[in-house]
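Me: I am new to this structure and would like a friendly tour of it. Could you take my questions one at a time?

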Amino acid sequence: MVKNLNLFFDTKGPKMETVSALCYIIILISDGCGYNQVDAASLYQYGQTGTQVYQQFPVQISMSTYADGGSYDPCYIWQAFDNVASGATDSAAAATAMSTGHKTYGGAIGVGPDEQPLRNIMEFAEEQGMMTGVVTSVMLSHATPAGFVAHSRSRGRYGHIAQEMLGDSAVDVIMGCGNPYYDDDGNEFDDPCRNYGFVGGEDFWNEVMAGTVGSDADGDGDNDPWTLVQSKCEFEQLAQTDNPPSRVLGIPMVVATLQHNRSGDRTADAYVVPLNDNVPSLATMTRGALNVLDESENGFVLMVEGGAVDWAGHSNYSGRLIEEEIDFNRAVEAVVQWVEANDAWDQTLVIVTADHECGYLTGPDSGQHEDGPQWNPLVNNGAGNQPGMEWHSGGHTNSLVPFYAKGAYAQEFLNRIDGEDPIRGRYIDNTDLPNLLFDVLQQPVMAQ
Ligand SMILES: [Zn+2]
């Protein structure tokens with residue numbers, strides 16, 4: 001339950017308050033999700049498009065995602081089928097742009113083109129006394145959560161990144177996979193197979209387990225070790241308890257992903273291969289994170305990533321793409337339920353977007369035809385059935401991605417439009433996302 005915030009009453013005097021009315025910022029990123037990925041999940045879930053909770057949000061625009069040195073030219077992009085297939089960002093540069101407001105090179109985690117650290121929105125929020133959290137369905141030290149918390153010249157330095165996230169940052173909630181003891185099906189590894197790479201190495205992990213790792217998260221000068229949450233049951237309890245721990249590391253009992261990497265036929269239709277049943281959903285993890293963060297006296301910033309939507313796109317696994325995007329959609333629903341249960345839209349900004357498209361997904365028979373490029377919509381085969389889908393890449397594209405926003409200051413994004421695309425309409429750039437937040441969080445507001 002949210003605290004009764006005193007932000008609007010400056011008892012000391014003047015009518016100007018120095019704290020923003022925006023207290024709760026929740027950024028949900030479906031990694032690798034373009035417009036057709038949203039439609040694929042919607043057709044499977046509902047038998048129609050436009051049905052997601054975020055597709056009822058008042059702000060529905062697009063966002064460009066290119067990395068440092070790149071560009072998005074809406075005329076050029078639609079001239080030939082393959083034009084969008086080059087010039088794409090990676091998740092590290094995109095996360096850095098969305099967390100710091102600066103374009104950087106592919107692979108960069110929270111550093112600029114000069115490899116120097118950039119201040120991110122989480123650090124900024126912590127300075128304002130807010131709590132912060134990151135949640136993902138892939139490894140906690142993977143590019144997107146790393147790009148919101150850590151600073152590293154290369155996304156592949158998982159060990160260093162994990163050590164910075166868990167040992168040096170002031171973030172209050174970190175949830176993601178990378179559990180050294182379990183495989184992708186949630187079975188315990190034999191000792192020699194254990195992979196400590198995503199959690200900072202064996203020695204560091206043992207210190208995390210012992211409760212001796214953790215920098216000062218609450219600003220009182222003392223180090224704050226992590227309360228570990230691992231089992232599905234523990235995650236469910238965290239989402240419901242009236243007395244949550246103040247700092248939580250949630251690491252489900254799988255190594256790489258909640259569900260995407262489980263064994264079985266990965267080309268099968270959605271849900272044909274039974275899901276891992278020992279791990280929480282992204283929605284349950286999100287509810288747990290919200291339950292910890294809403295104890296904050298000064299609000300919070302939370303980033304939630306559907307991380308394996310991208311992995312399914314790389315592999316062109318249509319069924320797993322749908323599973324992953326539905327898992328993400330349910331996390332958005334959990335966030336909206338939290339806002340509405342707390343009657344907090346006036347103080348909350350919810351953003352639903354992506355870091356880039358992956359897989360160049362279209363409907364069947366799309367491509368460069370004799371009379372020009374053709375982009376066909378997915379074919380609706382009814383709810384519960386795979387729609388007709390066609391993949392054109394094993395990598396990322398430079399497509400605009402969807403951008404949805406609702407709540408306090410959501411309309412402000414409409415004042416930051418960078419261009420108009422003939423198909424997708426008005427778009428902002430991924431750097432506009434944090435730059436708006438930086439502006440809002442430091443501007444004084446009238447006392448109410
Ligand atoms: Zn990717």
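Reply: Happily; this is a predicted model, and the questions below go from its core to its helices, strands and loops.

Me: Which helix gives the most to the largest nonpolar core?

Reply: Let's begin with the core itself, which has 128 residues. Leu28, Met165 and Val335 touch the most other members. Eleven residues of the core come from one helix, spanning residues 318-341, and that top contributor is α11.

Me: Which residues does valine 335 touch, leaving out those up to four places away in sequence?

Reply: Valine 335 is one of the three residues that touch the most other members of the core. It is also among the α11 residues that meet helix α9. With residues up to four places away left out, its contacts are Ile26, Leu28, Thr286 and Val350.

Me: Are α9 and α11 roughly parallel or roughly perpendicular to each other?

Reply: Helix α9 covers residues 282-293, and its axis comes within 7 Å of the axis of α11. The two cross at roughly 30°, in a right-handed crossing. An angle under 35 degrees counts as roughly parallel, so for α9 and α11 the word is roughly parallel.

Me: Which residues of α9 meet α11?

Reply: On the α11 side, the residues involved are Asp327, Phe328, Arg330, Ala331, Glu333, Ala334, Val335 and Trp338. Facing them from α9 are Leu282, Ala283, Thr286, Arg287 and Leu290.

Me: How does α1 lie against α11, roughly parallel or roughly perpendicular?

Reply: Helix α1 (residues 35-46) packs on α11 with the axes 9 Å apart, at an angle of about 85°. Angles of 65 to 115 degrees count as roughly perpendicular, so α1 is to α11 roughly perpendicular.

Me: Which residues of α11 meet α1?

Reply: From α1 come Gln37, Val38, Ala40, Ala41, Tyr44 and Gln45. Their partners in α11 are Leu321, Ile322, Glu325, Ile326 and Asn329.

Me: Is the crossing of α8 and α9 left-handed or right-handed?

Reply: Helix α8 (residues 232-240) packs against α9 with axes 7 Å apart and an angle of about 45°. That makes α8 oblique to α9. Phe235, Glu236, Leu238 and Ala239 of α8 meet Thr284, Met285, Arg287, Gly288 and Asn291 of α9. The crossing of this pair is left-handed.

Me: How many residues of α3 are buried?

Reply: Helix α3 runs over residues 91-100 and is mostly covered. Its buried residues pack against β2, α4, α5, α10, β9 and α12. They include Ser91, Ala95, Met98 and Thr100. The count of buried residues is ten of ten.

Me: What phi does glycine 101 take?

Reply: Glycine 101 comes just after α3. Its phi is positive, at about 85°.

Me: How many bridges join β3 to β15?

Reply: Strand β15 (residues 401-407) is mostly covered, with seven of its seven residues buried. Strand β3 (residues 59-64) runs antiparallel to β15. Within this pairing, methionine 63 has valine 401 as its bridge partner. The number of bridges between β3 and β15 is five.

Me: Which residue in β15 does valine 352 stand opposite?

Reply: Strand β9 (residues 348-358) also pairs with β15, over five bridges and in the antiparallel sense. Opposite valine 352 in β15 stands tyrosine 404.

Me: Is tyrosine 409 buried or exposed?

Reply: Tyrosine 409 is found in the loop between β15 and β16. Its phi is positive, about 70°, although it is not a glycine. A residue with 20 or more C-beta neighbours within 10 Å is buried, and tyrosine 409 has 20, so it counts as buried.

Me: And what about aspartate 343, buried or exposed?

Reply: Aspartate 343 lies in the loop between α11 and β9. It has a positive phi of about 50° without being a glycine. There are 10 other C-beta atoms within 10 Å of it, so aspartate 343 is exposed.

Me: How far apart in space are isoleucine 423 and leucine 400, C-alpha to C-alpha?

Reply: Isoleucine 423 has its place in the loop between β16 and β17. With 12 C-beta neighbours inside 10 Å, it counts as exposed. It is 23 residues from leucine 400 in sequence, and the C-alpha to C-alpha separation in space is 10.0 Å.

How values were computed
Residues numbered from 1 in each chain as written. Predicted model: local features only at pLDDT ≥ 70, side-chain atom pairs only at ≥ 80, totals over all residues. Core = buried A, V, L, I, M, F, W, Y, C linked by C-beta atoms within 7 Å. Helix = DSSP H or I, 4+ residues; strand = E, 2+ residues; numbered from the N terminus. Contact = placed C-beta atoms within 7 Å. Pairing = 2+ DSSP bridges. Axes fitted to C-alpha atoms, helices over the stretch in contact; angles between N-to-C directions. Parallel < 35°, antiparallel > 145°, perpendicular 65-115°, else oblique. Left-handed = near helix turned anticlockwise from the far one by under 90°.
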